[in-house]
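Reader: Could you walk me through one part of this model up close, and then tell me how it fits with the rest? I'd like the contacts spelled out.

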Amino acid sequence: MSKTTEKTAEFIDNAYPAFDASKAIEQVSAFTEKGVEQSKEVLAKFKADSEMTQKALETSFASAKAASSNLSLKTIAVLRANTEAAFSHFEALIAVKSPSEFVELQTAFVRKQVESAVEQARELQAVTTKAAEDVSKPIKSVFEKAAKELKVA
């Protein structure tokens, strides 16, 4: 071997101490196992959160369906009451014998209808408000839980 080659080999041996491949393999293996475990944990949490969100959405949809049915029934009841009141009023108008009786009957009907409309609006507002609360409650609870977990993390 030439003198230069010997010096280069000696320099490499001194500059880079003996490389132990078994230690490197152990470190890479440990790093990989840790990465796999962390990935499994993240995936498990993602799966649990996804299932929780799915259940919340299913609950919200069921609540929306029930609330929609309830609101529809309430609306039909309001329409039925107003229609029956109008027919009763028309029957009473047919039996009117004087203009003063007509004015009195018409004034009483309008007053009663306004009072009825105010009460019906209150009832529909209450049903709508309850429906909105019922539909949003499951999603709201999931969101609050996620916000708490983010604050903790």
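Author: Let's start at H89, which touches L105, Q106 and F109 once its neighbours within four places in sequence are set aside; contact here means heavy atoms within 4.5 Å. One of those partners, Q106, also meets the H89 side chain through its own side chain, in a polar contact of 2.7 Å. For a polar contact, a pair of N or O atoms has to lie within 3.5 Å; within protein, one must be able to donate a hydrogen and the other to accept it, and residues adjacent in sequence count only if both atoms are side-chain atoms. H89 sits in helix 2, and its relative accessible area is just 6%, so it counts as buried. The cut-offs for that word are under 20% relative accessible area for buried, over 50% for exposed, and partly exposed in between, with a 1.4 Å probe and protein chains only.

Before going on, a word about what you're looking at. This is a predicted model, in which local features need pLDDT of at least 70 and side-chain atom pairs count only at pLDDT 80 or more, while totals for chains, interfaces and linings use all residues. Residues are numbered from 1 along each chain as its sequence is written, and side-chain values use heavy atoms, with hydrogens and water left out.

Now zoom out for a moment. The protein chain has three helices and zero strands, giving the pattern α-α-α along the sequence. Helices (H or I, at least four residues) and strands (E, at least two) are DSSP runs, numbered from the N terminus. Of the chain's 153 residues, 9% count as buried. Among contacts with a separation of 6 or more, 74% come from residues 24 or more positions apart. The accessible surface comes to about 12700 Å², and 64% of that belongs to carbon and sulfur atoms; such areas come from the Shrake-Rupley method with a 1.4 Å probe, and for residues only the protein chains shown count as cover.

Back to the close-up, with a residue from helix 3 this time. V127 lies in that helix, and with a relative accessible area of 17% it is buried. Leaving out residues up to four places away in sequence, V127 touches N70, L71 and K74. Its C-alpha atom is 7.9 Å from that of A67, though the two residues are 60 apart along the chain.

K74 leads us straight to the charged side chains. It meets E123 in a salt bridge, 3.0 Å from N to O. That pair ties together distant parts of the chain, with K74 in helix 2 and E123 in helix 3 (residues 99–152), 49 residues apart. A salt bridge needs a side-chain nitrogen of Lys or Arg within 4 Å of a carboxyl oxygen of Asp or Glu, and by that rule there are four of them. Both ends of this one are partly exposed: K74 has a relative accessible area of 25%, and E123 has 28%.

Two other salt bridges sit within a helix. D49 pairs with K45, the closest N and O atoms being 3.0 Å apart. These two are four residues apart in helix 2 (residues 21–94), so about one helical turn separates them. D49 is partly exposed at 27% relative accessibility, and K45 is partly exposed at 41%. In helix 3, K130 bridges to D134, with the closest N and O atoms 2.8 Å apart. Here too the partners are four residues apart, which means a separation of about one helical turn. K130 is partly exposed at 49%, as is D134 at 27%.

One more spot is worth a look, and it starts with S60. This serine lies in helix 2 and counts as buried because its relative accessibility is 5%. The S60 side chain reaches the backbone oxygen of V135 at 2.8 Å. Setting aside residues up to four places away in sequence, S60 touches V135, P138 and I139.

I139 turns up again at the surface, where it joins L57 and F61 in a nonpolar patch of about 290 Å². Patches are built from residues with over 30% relative accessible area and no salt bridge, joining like charges within 9 Å and nonpolar side chains (Val, Leu, Ile, Met, Phe, Trp, Tyr) within 5 Å. L57 lies in helix 2, and its relative accessible area of 37% makes it partly exposed.
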